[in-house]
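Biologist: I'm new to this one. Could you pull it up and walk me through how it packs?
Modeller: Sure, here it comes.

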Amino acid sequence: MTRPEHDLVLLGATGFTGRLAAAHLATRAAAEGRRVAIAGRDRWRLTTLAEELGGHLAVEVVDTDDLGGLMDLASRTRVLATTVGPYARRGRLVPQACARTGTSYLDLAGEPVFVADVAWRHDAEARRTGATLVSSCGFESVVTDLGAQLAVEALAPGDDEPVEVRSYLRGQGAASGGTIASAFESLGGRARRVPPPSRGRRPTARITDGVHEAEVIDGVGVPLPTVDGQVVRRSAARLPGYGARFAFGYFLAAPSRLVGLGMLAAMTGLSALAATPPTRTLLRAFAPSPGEGPSAARRAEHWFTVTSVASAGGRQVASEVAGGDAGYDETAVILGEAALALAAGEALATGACGPAEALGSGLRERLRAQGLGFEVTG
């Protein structure tokens, strides 16, 4: 079999998060002996970035609206990772090109309908061609998926026991324009039906706790309506060791019930405003533009912890994942390490998968080596 021209291509490398991921890959690819290219629409910007990063990255020019160009690029690489969002508007053809050509794919999508569509539309073809398709492969949703998996492994439930996992996010951070644009895209399409998982062996459910006391975080949990729950439940539906049935809930940590109720009201109000085109346009006017994000100095002050509590049969085990700037610095590392793992042939499954199903504990160990904390805490 002819070796492809590239081991890994990063599409969208000149965007805010893309530049961070490209910088990580420029360092790590040499250590692993991988041939990496950066891709996008503007050759001059790509060439400038490649030179800034040492001149070792190849450059590929392609548009996300050009299926033929995307298929040509995908056919010349083992792995294609993309940071070009909002994915529902600008990213639909990329997983299609990868599934058709047998090329593994990763994105940073936080849009529930898009993530479900990738599985619904491309899972069968990707399994036929041998591609592994992993959506939400940054802080969202690798941290929750691998954190829940670690807690369940430590709990070791019986096959006849129902399992529940509640994950709690604490931290300090800020959003870039690209993240906000994806959030608006997700909220604007929330009325669309999210297709069910294309395959699975275990029934799963969403935990619907409202604002509630949570001893493990010494505070209260506030429902956090992100794509993470969808991703974790899909992994739990397919992987062994998650009990007879599985339920998951994701929550934001708050110091008191009063603060938690205020946070819930704010999220509900923002969601309602963003779901209506006129008010969504108005909100966008006050948000940063895509390509913008917090400075390095501000990112250095950011941190996160995600505590996941797994329970079954009256027993309880907690895990904690901890790191620095969640949305950008750590997301760039997570995406880069997942892409390098796929390029190294470390995939555990083909088709449309969550991070835990696709890469599991191998990715966890890669991230530990890059400074993220994964530990069982009790």
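Biologist: Which residues have the most contacts inside the largest nonpolar core?
Modeller: This is a predicted model, to be clear. In its largest nonpolar core, which has 93 residues, they are Leu-106, Leu-133, Phe-246, Phe-304 and Leu-367.
Biologist: And which helix gives the most to this core?
Modeller: That's helix α13, residues 326–343, with eleven residues. Another core, of nine residues, lies apart from the 93-residue one, and Tyr-168, Ile-207, Ala-253 and Ala-318 are among its members.
Biologist: Back to Leu-133, what does Leu-133 touch?
Modeller: Leaving out residues up to four places away in sequence, its contacts include Cys-98, Tyr-105, Val-118, His-122 and Cys-353.
Biologist: New topic: why is helix α9 described as largely enclosed?
Modeller: Eleven of the eleven residues in α9 (228–238) are buried, so the rest of the structure largely encloses this helix. Among those buried residues are Asp-228, Arg-233, Arg-234 and Arg-238.
Biologist: What do the buried residues of α9 pack against?
Modeller: Helices α6, α7 and α14, plus strands β8, β11 and β14.
Biologist: How about α1 and α13, at what angle do they pack?
Modeller: About 45 degrees, with the axes 8 Å apart. Angles from 35 up to 65 degrees fall in the oblique class, so α1 and α13 are oblique to each other. The crossing is right-handed.
Biologist: Which residues meet there?
Modeller: From α1, they include Phe-16, Leu-20, His-24 and Arg-28, and from α13, Tyr-328, Val-333 and Leu-340 are among them. By class, the contact has ten nonpolar, four polar and four charged residues.

Key: Residues are numbered from 1 along each chain as its sequence is written. This is a predicted model: local features need pLDDT of at least 70, side-chain atom pairs count only at pLDDT 80 or more; totals for chains, interfaces and linings use all residues. Side-chain values use heavy atoms; hydrogens and water are left out. A nonpolar core is a set of buried Ala, Val, Leu, Ile, Met, Phe, Trp, Tyr and Cys residues joined through side-chain atoms within 4.5 Å. Buried means under 20% relative accessible area, exposed over 50%, partly exposed in between (1.4 Å probe, protein chains only). Helices (H or I, at least four residues) and strands (E, at least two) are DSSP runs, numbered from the N terminus. Contact means heavy atoms within 4.5 Å. Axes are lines fitted to C-alpha atoms, for helices over the stretch in contact, and angles run from 0 to 180 degrees between N-to-C directions. Angles under 35 degrees count as roughly parallel, over 145 as roughly antiparallel, 65 to 115 as roughly perpendicular and the rest as oblique. A crossing is left-handed if the near helix is turned anticlockwise from the far one by less than a right angle, and right-handed if clockwise. Ala, Val, Leu, Ile, Met, Phe, Trp, Tyr, Cys and Pro count as nonpolar, Asp, Glu, Lys and Arg as charged, and the others, Gly among them, as polar.
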